[in-house]
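Me: I am new to this structure and would like a close look at a single part of it. Please take the aromatic rings and then the sheet.

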Amino acid sequence: MNLIDKYFPNLSPLQKEQMAAMPALYSEWNAKINVISRKDMEHFVEHHLLHSLAIAKVITFLPEARILDVGTGGGFPGIPLAVLFPDTQFHLVDSIGKKIKVVTDVATQLGLKNVRAEQIRAEELKGQYDFVVSRAVTDLSQFVPWVRGRFAAQQRHSLANGILYLKGGDLTSELAPFGDKPHLYPISTFYEEPFFESKMVIHLPL
């Protein structure tokens with residue numbers, strides 16, 4: 001947990017306990033269901049927890065804000081963000097039932113009251129959210145139609161309501177259709193580990 005303490009030194013004792021509990025919980029689930037690649041489990045804190053929390057270096061979610069995590073998989077970035085923002089409501093969705101089973105159990109084991117997990121396709125969702133978060137589920141040009149119309153009209157944060165997307169590599173062609181709307185935050189400006197060198201938090205207001 002040294003990496004978490006390094007970049008998030010102001011966590012409460014409960015938040016530290018919840019973060020510290022996650023590697024064992026996911027390791028246990030991974031033995032039953034391949035939620036995270038076996039090799040990647042060795043770098044769980046850096047590649048999954050810290051990567052998910054990069055969104056918190058871009059924005060501080062307000063109490064009662066509503067955040068939708070689309071294609072959450074095993075619960076990333078939603079679960080770590082829900083630990084960090086206990087007064088913010090998180091709705092984690094995935095079309096694969098066994099992944100939602102993992103998310104539901106992890107949230108329960110961690111005592112997270114601000115997480116709702118649901119097996120559903122993003123296009124079938126109703127409701128309004130301040131932000132949609134996701135981690136490299138697909139090309140953004142495919143992702144945007146899934147969540148268009150899901151954003152609250154009222155803006156309560158310093159960033160405009162929209163998508164906060166974790167992705168790496170050369171994004172030039174992927175972001176071209178959106179003109180000058182996307183704002184890119186290089187994660188390497190927040191974290192010094194080499195893993196984050198080409199990774200971004202993309203903010204796309206919608």
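What sits over the ring of tryptophan 29, and how many Å from its centre?

Reply: This is a predicted model. The charged end of lysine 32 is placed over the tryptophan 29 ring, at 4.5 Å from the ring centre. A second lysine has a similar place: lysine 199 lies over the face of phenylalanine 195, 4.2 Å from the centre of that ring. Phenylalanine 195 also belongs to a cluster, in which ring pairs link it with Tyr7, Tyr191 and Phe196.

Next come the ring pairs. There are 11 aromatic pairs in the model. One of them joins tyrosine 26 and phenylalanine 44, with ring centres 5.3 Å apart and planes at 35 degrees; an angle between 30 and 60 degrees is neither stacked nor edge-to-face, so this pair is tilted. Tyrosine 26 is in helix 2 (residues 13-30) and phenylalanine 44 in helix 3 (residues 44-53), so the pair links distant parts of the chain, 18 residues apart. Both of these residues, tyrosine 26 and phenylalanine 44, are buried.

Tyrosine 26 has another tilted partner, phenylalanine 76, at 5.0 Å centre to centre and with 40 degrees between the planes. Phenylalanine 76 lies in the loop between strand 1 (66-70) and helix 4 (78-84), while tyrosine 26 is in helix 2, so this pair ties together parts that are 50 residues apart in sequence. Buried means under 20% relative accessible area. Tyrosine 26 has 1%, so it is buried, and phenylalanine 76, at 4%, counts as buried too.

Now the sheet. It is an open sheet of 7 strands in the order 3-2-1-4-5-7-6, and its pairing is mixed. Strand 3 (115-119) and strand 6 (183-186) are at the edges; each has a single partner strand, so one side of each has no neighbour in the sheet. From one strand to the next, the twist averages 20 degrees. Strand 5 (residues 162-168) and strand 7 (residues 199-205) run antiparallel and are joined by 7 bridges. Within that pairing, leucine 166 has valine 201 of strand 7 as its bridge partner.

Helix 3, the helix that holds phenylalanine 44, packs on the sheet and touches strand 4 (131-135), strand 5 and strand 7. The direction of helix 3 makes about 155 degrees with that of strand 4. Helix 6 (residues 140-147) packs on the sheet as well, touching strand 1, strand 4, strand 5 and strand 7. The direction of helix 6 makes about 155 degrees with that of strand 5.

How values were computed. Residues numbered from 1 in each chain as written. Predicted model: local features only at pLDDT ≥ 70, side-chain atom pairs only at ≥ 80, totals over all residues. Heavy atoms only, no water. Phe/Tyr/Trp six-rings, centres within 6.5 Å; stacked < 30°, edge-to-face > 60°. Helix = DSSP H or I, 4+ residues; strand = E, 2+ residues; numbered from the N terminus. Buried < 20%, exposed > 50% of the residue type's maximum accessible area, 1.4 Å probe, protein only. Lys NZ or Arg CZ within 6 Å of the ring centre and 35° of its normal. Pairing = 2+ DSSP bridges. Axes fitted to C-alpha atoms, helices over the stretch in contact; angles between N-to-C directions. Contact = heavy atoms within 4.5 Å.
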